[in-house]
Amino acid sequence: KQWYQRRVRGMEGDVTGMVKNVAHGMSDTANKLTSTASSFLALASGDENFQNNRERLRAARYQSSSSSMRAGFAGLRSGLYEGLMSVPKQVVKGINDHGAIGAASGLFKGVVGTITKPAVGVFDLASGASLAITHSTRPIHASGEVLRMRLPRCCSGETLPPYSALIPL
């Protein structure tokens, strides 16, 4: 009887660990998918200022679960606001840069931004939420893992470029 009780208790730990590891893997995958979708849509918006502000907001999400959620909500708030202001901002920018022809291109960019920027905000919120789950369900074997201090860099060619917080993603 004691052998059986020890065996059941041991399996409980294994099942708990398995559930926690599966939740971690699923949330990590969801984070990567939503993060990629939001990056693609932000690029499609054609607004460099929006992209730079978004990257600054996203830089804080790697510290903890709560910072991931805060960054997600900040991304949603930014996406909604920028989506509302996209048409007027882009039209004025187009007129200032290229005159009457710029107004037409600004209107087009503004309409595209009105659609893409709120969608980016929703994906940023989903990405922040899934990253928060990832942070809180770290695999049992990785409990001593060190948190990332800065984002990874991509290497193209033979030399490693200087670090920039805006370039990694």
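Helices, here, are DSSP runs of H or I with at least four residues, numbered from the N terminus. The model is a predicted one, in which local features need pLDDT of at least 70 and side-chain atom pairs count only at pLDDT 80 or more, while totals for chains, interfaces and linings use all residues. Residues are numbered from 1 along each chain as its sequence is written, and side-chain values use heavy atoms, with hydrogens and water left out.

**Exercise 1.** Find which helix gives the most residues to the lining of the largest cavity.

*Solution.* Start with the term: on a 1 Å grid over the protein atoms alone, a cavity is a set of points where a 1.4 Å probe fits but cannot get out, and lining residues have an atom within 4 Å of a point. Next, list the lining of the largest cavity, which consists of Arg58, Arg61, Ala71, Gly72, Asp124 and Ser127. Finally, assign these residues to elements: helix 3 gives the most, with 4 residues, and this helix spans residues 65-136.

**Exercise 2.** Determine how the buried residues of helix 2 are arranged around its axis.

*Solution.* First, pick out the buried residues (under 20% relative accessible area, with a 1.4 Å probe and protein chains only) of helix 2, residues 48-58, namely Phe50, Gln51, Arg54, Glu55 and Arg58. Seen down the axis, they fall within an arc of 130°, taken from the directions from the helix axis to the C-beta atoms, so they line one face of the helix. Then turn to the face away from this buried side, where Glu48, Asn49 and Arg56 are exposed (over 50%).

Note on methods. pLDDT is the predictor's confidence in each residue, from 0 to 100. Helices (H or I, at least four residues) and strands (E, at least two) are DSSP runs, numbered from the N terminus. On a 1 Å grid over the protein atoms alone, a cavity is a set of points where a 1.4 Å probe fits but cannot get out, and a pocket is an open set with protein on both sides within 12 Å along at least five of seven lines; lining residues have an atom within 4 Å of a point.
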